[in-house]
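The exercises below concern strand pairing, sheet order and overall dimensions. Each task is followed by a worked solution.

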Amino acid sequence: MLPPEMDQVISFRDAMARFPSGVTIVTTVDADGKSWGFTASAFCSVSVDPALILVCLSTGAECHPVFAEAEHWVVHIIHADQVDLALRFATRGADKFAGGSFEPDHRGLPRLSGSSITLDCSTYARHPGGDHTILVGAVSACFQGNPPPTVYRDRAFHALTQL
Ligand SMILES: Cc1cc2nc3c(=O)[nH]c(=O)nc-3n(C[C@H](O)[C@H](O)[C@H](O)COP(=O)(O)O)c2cc1C
C-alpha cells in the first residue's frame, strides 16, 4: 500500500472497479413474451420528483436490442444469497431464468421476490453513452425484502458493515 500522499497512475477500468456499488439484476420481456435480463452495477438514482433512476447497458449486450425497445422493466437490488444469480445474469448465453426464481409480476414482467429492493420502472428516456446506452427509468413502485444489499468492489462481492 502506498502512503496516502503518493498517487499511482491506474487505468480507467481499475479506477472504476475501486468504486463500491450495489449490484442489480434488470429484467423485462420482449414482444413475444420471452424474458431477458442482465446484471448491472452501473445504476443510480437520478431524480426524486419525478422518481427516476438510471442503469447503463452495453451496446454489445445480447439483450441490448430488447431493452432499446422495452417500455417496462424491473430493477432488483440483490443481496448475498443472490450472488450466484447475478453471476448467471452476467453470463451471455446462460439460461438466466432457469430455476424458478422468477414469477410474472402485475405487468407480466419477470419478478424476483425477496430482493433487497425491487423497483418497477417504465422507460423515461434513453441516451447514448459511449459504448453503453443510459436507460432512464421512471419508478412507479418500490418494494423492500429482508437482507441488506451486497456490495461490489474490486471485482468481488462484499458484505456491508456499519462503521
Ligand atoms: C457485478 C457485475 C456488474 C456488471 N455491471 C454491468 C453494467 O452496469 N452494465 C452492463 O452493460 N454490463 C454489466 N455487467 C456485465 C453484464 O451483466 C453481462 O455482460 C451480461 O451478460 C450482458 O447481457 P447479455 O447476456 O444479454 O449479453 C456486469 C457484470 C457483473 C458481474
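**Exercise 1.** State how strands β9 and β10 pair and over how many bridges.

*Solution.* Step 1: strand β9 covers residues 117–129 and pairs with β10 in the antiparallel sense over 12 bridges. Strands here are DSSP runs of E with at least two residues, and helices are runs of H or I with at least four, numbered from the N terminus. Two strands pair if DSSP finds at least two bridges between them.
Step 2: Pro128 has Thr133 in β10 as its bridge partner.
Step 3: two residues lie between the strands of this hairpin, and Gly130 has a positive phi near 65 degrees.

The model is predicted: local features need pLDDT of at least 70, side-chain atom pairs count only at pLDDT 80 or more, and totals for chains, interfaces and linings use all residues. Residues are numbered from 1 along each chain as its sequence is written, and side-chain values use heavy atoms, with hydrogens and water left out.

**Exercise 2.** Follow the pairing from β10 to β5 and from β5 to β4, giving the bridges that join them.

*Solution.* Step 1: β10 (residues 132–144) runs antiparallel to β5 (residues 52–58), and seven bridges join them. Ile134 in β10 stands opposite Cys56.
Step 2: β5 is in turn joined to β4 by four bridges, again antiparallel. Here Leu52 in β5 faces Ser47.

**Exercise 3.** Give the strand order of the open sheet, and explain why β3 and β4 each have one side without a neighbour in the sheet.

*Solution.* Step 1: the seven strands are ordered β3-β2-β6-β9-β10-β5-β4, with antiparallel pairing.
Step 2: β3 (35–40) and β4 (43–47) are at the edges and have a single partner strand each, so one side of each lacks a neighbour in the sheet.
Step 3: on average, neighbouring strands of this sheet are turned by 35 degrees against each other, direction ignored. The axes are lines fitted to C-alpha atoms, for helices over the stretch in contact, and angles run from 0 to 180 degrees between N-to-C directions.

**Exercise 4.** Compare the radius of gyration of the protein chain with that of a compact globule.

*Solution.* Step 1: for 163 residues the globule value is near 15 Å, and the chain has 16 Å, which agrees. The radius is taken over C-alpha atoms, and the rule is 2.2 Å times the number of residues to the power 0.38.
Step 2: the C-alpha trace spans about 55 × 35 × 35 Å along its principal axes.
Step 3: the chain contains three helices and 12 strands.
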